[in-house]
Amino acid sequence: MAKNSRGKRPCSICRKWFQPDVRQKGRQKTCSPACRKELHRRQCENLNRKNKADYKNNYLTKKLEKAEIEFTSNSASAVISLQRQTKPVLPMDVIVAEYGIKPAVIIQYLASQIITHGRIYKSP
Ligand SMILES: [Zn+2]
């Protein structure tokens, strides 16, 4: 990062030059609390975008494990009602009977993903 002789540096958000706090010892990247908040928001956004696939894998893995545990002690419809089926109401009893609990959970997940993303692409 560019610095001048007096230790001033440009804010990484608004690009205005500012005098960093000496106690920050060169770590300060922004001029104000508002810019610091914006920098934090952008860093979180990047991190979330990078880890999106991991989050989805973790979510589905947990959901499958939970469904399998509940399925051993309850009926299929009890499991689905415990999981509180969201948007697309699917004939889960039939799907579970034909494919088993884990594929049924995956089908439910994929259906909700398709609907969610369809909604995003439709909006202007
Ligand atoms: Zn700034």
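On the outward-facing part of helix α2, opposite its buried side, K62, I69, T72 and S73 are exposed (over 50% relative accessible area, with a 1.4 Å probe and protein chains only; buried means under 20%, partly exposed in between). This is a predicted model, in which local features need pLDDT of at least 70 and side-chain atom pairs count only at pLDDT 80 or more, while totals for chains, interfaces and linings use all residues. Residues are numbered from 1 along each chain as its sequence is written, and side-chain values use heavy atoms, with hydrogens and water left out.

L60, K63, L64, A67 and E70 of α2 are buried. They lie on the same side of α2, because the arc they cover around the axis, taken from the directions to the C-beta atoms, is only 140°.

The zinc ion is coordinated at 2.3 Å by the SG atoms of C11, C14, C31 and C35; donors are N, O and S atoms within 2.8 Å of the metal (3.2 Å for Na, K and Ca). Their sequence spacing is C-x2-C-x16-C-x3-C. The donor atoms subtend angles of 102 to 115°, so the arrangement is tetrahedral (all angles between 85 and 135 degrees).

There is one aromatic pair (ring centres within 6.5 Å). Y59 and Y109 form this pair, tilted (neither under 30 degrees, stacked, nor over 60, edge-to-face), with 5.8 Å centre to centre and 40° between the planes. The pair links Y59 in helix α2 with Y109 in helix α5 (residues 101–122), 50 residues apart.

Accessibility of selected residues:

| Residue | Relative accessibility | Class |
|---|---|---|
| C11 | 0% | buried |
| C14 | 31% | partly exposed |
| Y59 | 44% | partly exposed |
| Y109 | 10% | buried |

Note on methods
Helices (H or I, at least four residues) and strands (E, at least two) are DSSP runs, numbered from the N terminus. Four donors count as tetrahedral if all angles lie between 85 and 135 degrees; four count as square planar and six as octahedral if opposite donors are over 155 degrees apart and all others between 65 and 115; anything else is irregular. Rings of Phe, Tyr and Trp (its six-membered ring) pair if their centres lie within 6.5 Å; planes under 30 degrees apart count as stacked, over 60 as edge-to-face and the rest as tilted.
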